[in-house]
Amino acid sequence: MEEFIKSLLSTVKAPATGIVVIHNGHIVINDAFGLADVENSVKAHPRSSFKLASITKHFTAFSILRLVEYGKIKLSDPLLKYFPEYESLNPRIKIENLLNHTSGIPGYTELTELFSPYEKVEATHEQMLTVFMGQPLLFEPGSRFEYSNSGYYLLGLIIERASGYTYEEYLKREFFNPIGMHDTCYASDKSIIPNRVRGYDTQQGASNTSLQNCEYISMNPPYAAGGLCSTTTDMAKWLSALLAGRVLGSDLMLKACSPTKLKNGLAVEYGYGLNVGTKHGVKAVGHDGGIPGFASAFMMYPESNTAILVLVNDERSDPWAIEDRISSYILRK
């Protein structure tokens with residue numbers, strides 16, 4: 001199987017590709033290939049640190065659920081409880097609405113004119129909140145699904161206000177350190193992050209393609225919606241823990257991996273920080289991510305005890321194409 005997986009790398013346009021495959025309790029592959037830094041010819045390896053982008057969301061969601069387990073918060077708590085300074089907040093917005101993108105709060109990445117001044121600077125939480133907290137709701141909470149980075153930004157602040165730790169400190173305390181994920185952290189521009197992978201953008205011209213460094217964005221705005229970086233070695237540990245049921249209690253894990261029911265009774269294929277559906281005829285749970293210079297995809301197949309992660313350092317590459325080939329090979333075989 002490892003040879004089959006390596007044979008797929010020729011189809012990837014990204015300079016570097018990280019792959020984790022876990023099947024039946026065994027790590028089939030945990031490796032990274034290609035160049036983590038093209039200009040300096042630095043080869044990628046299992047401890048190369050890729051930006052995870054929106055894969056960050058399920059770490060944020062599980063941190064919230066851990067606080068629920070500790071009795072620190074409730075999914076039914078109104079958002080107003082944690083942000084009393086915003087008196088005009090709709091009292092019907094609950095923490096659960098943030099987790100499953102049914103709050104109606106517009107995503108800050110879609111509020112282009114308001115967000116653009118902060119995209120490339122070290123915006124404070126106060127500055128970021130001014131972008132979206134005063135905006136009208138897109139719909140009545142719980143009545144619709146609309147993917148919103150704003151909701152996960154707020155969840156990060158709730159984690160801080162309920163726990164007394166910073167977002168990164170809480171993740172390290174509850175998950176990263178106990179699991180042994182010592183290379184997973186917030187992808188701060190200022191921090192020295194060992195083996196940091198550089199991000200690229202492949203430009204398609206009329207007669208050829210060219211590789212260039214990706215557009216710069218500050219990592220302050222992504223925060224709890226997309227600000228983490230990790231390695232295939234750490235993510236192999238994390239996915240193994242998820243498959244083994246060692247991260248959350250079974251009841252909350254089941255809720256996180258179940259579709260959301262709207263007020264009208266319709267189901268949406270999203271749980272808590274996770275897309276939920278079927279693939280290759282079995283239940284599939286995962287998420288993707290995209291941020292300048294990077295794209296990512298992971299999927300778990302609980303019934304088949306399988307998890308697959310693909311990380312690339314080119315925002316125009318398609319990690320799902322690789323994931324699909326690998327999952328098809330494993331599950332159909």
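## A first stop at R246

Leaving out neighbours within four places in sequence, R246 is in contact with S240 and A241. This is a predicted model, and R246 is a handy place to start looking around it. You'll find R246 in the loop that runs between α9 (232-243) and α10 (250-256). Is R246 buried or exposed? Its relative accessibility is 55%, and exposed means over 50%, so R246 counts as exposed.

R246 also lets you compare the chain with the fold. R246 and I179 are 67 residues apart in sequence, yet their C-alpha atoms are 9.3 Å apart in space.

## The seven-stranded sheet

Now for the strands. Those of a sheet pair through backbone hydrogen bonds, either parallel or antiparallel. Here, 7 strands make up an open sheet, and the pairing is antiparallel. Going across, the order is β3-β2-β1-β14-β13-β12-β11. At the edges sit β3 (42-43) and β11 (275-279), each of which pairs on one side only.

Start from the β11 edge. β11 and β12 run antiparallel and are joined by 5 bridges. K279 stands opposite V282 in β12. The hairpin of β11 and β12 has 2 residues between the strands, and H280 there takes a positive phi near 55°.

Elsewhere in the order, β13 (residues 294-301) and β14 (residues 306-312) are antiparallel too, with 7 bridges joining them. One pair to look for is M299 and its bridge partner in β14, I308.

## T17, tucked into β1

T17 belongs to strand β1 (residues 16-23). Its relative accessible area is 3%, and the cut-off for buried is under 20%, so T17 is buried. Which residues does T17 touch, once neighbours within four places in sequence are set aside? They are L9, V12, D31, A32, F33, F50, V310, L311 and V312.

## The three-stranded sheet

There's another open sheet, this one with 3 strands in the order β4-β8-β5 and antiparallel pairing. The edge strands are β4 (50-51) and β5 (185-186), and each of them pairs on one side only.

β5 and β8 (residues 228-230) run antiparallel, with 2 bridges between them. If you want to spot the match-up yourself, look for C185: its bridge partner in β8 is C229.

## Nonpolar cores

Next, the inside. The largest nonpolar core has 89 residues, and those with the most contacts inside it are F59, F62, F132, W238 and L239. Helix α6 (residues 149-163) supplies the largest share of this core, with 8 residues. Apart from this core lies another one of 19 residues, including I5, V21, M299 and V310.

M299, part of that 19-residue core, is the residue bridged to I308, while V310, also in that core, is among the contacts of T17.

Back in the core of 89 residues, F132 deserves a look. Not counting residues up to four places away in sequence, F132 touches I105, P106, Y108, L111, S150, Y153 and L154.

## S88, out in a loop

S88 sits in the loop between α2 (56-69) and α3 (95-99). With a relative accessible area of 71%, S88 is exposed. S88 and M133 are 45 residues apart along the chain, and 9.3 Å separates their C-alpha atoms.

## Pocket and cavity

How much space lies in the largest pocket? About 340 Å³. It is lined by 19 residues, and the closest to its centre are Y108, T109, N149, I217 and I291. Y108 is also among the residues that F132 touches. The elements giving two or more residues to the pocket's lining are α4 (112-115), α8 (223-226) and β12 (282-291). By class, the lining has 9 nonpolar, 8 polar and 2 charged residues.

As for enclosed space, a search of the whole structure turns up 1 cavity of 30 Å³ or more. The largest cavity has a volume of about 40 Å³. Its lining is made up of S49, K51, A187, I193, R196, V197, C229 and F294, which divide into 5 nonpolar, 1 polar and 2 charged. One of these, C229, is the bridge partner of C185.

Technical notes
Residues numbered from 1 in each chain as written. Predicted model: local features only at pLDDT ≥ 70, side-chain atom pairs only at ≥ 80, totals over all residues. Heavy atoms only, no water. Pairing = 2+ DSSP bridges. Helix = DSSP H or I, 4+ residues; strand = E, 2+ residues; numbered from the N terminus. Core = buried A, V, L, I, M, F, W, Y, C linked by side-chain atoms within 4.5 Å. Buried < 20%, exposed > 50% of the residue type's maximum accessible area, 1.4 Å probe, protein only. Contact = heavy atoms within 4.5 Å. 1 Å grid on protein atoms, 1.4 Å probe; cavity = no way out; pocket = protein on both sides within 12 Å on 5 of 7 lines; lining within 4 Å. Points joined across faces, edges and corners; volume = space filled by probe spheres on them. Nonpolar A, V, L, I, M, F, W, Y, C, P; charged D, E, K, R; others polar.
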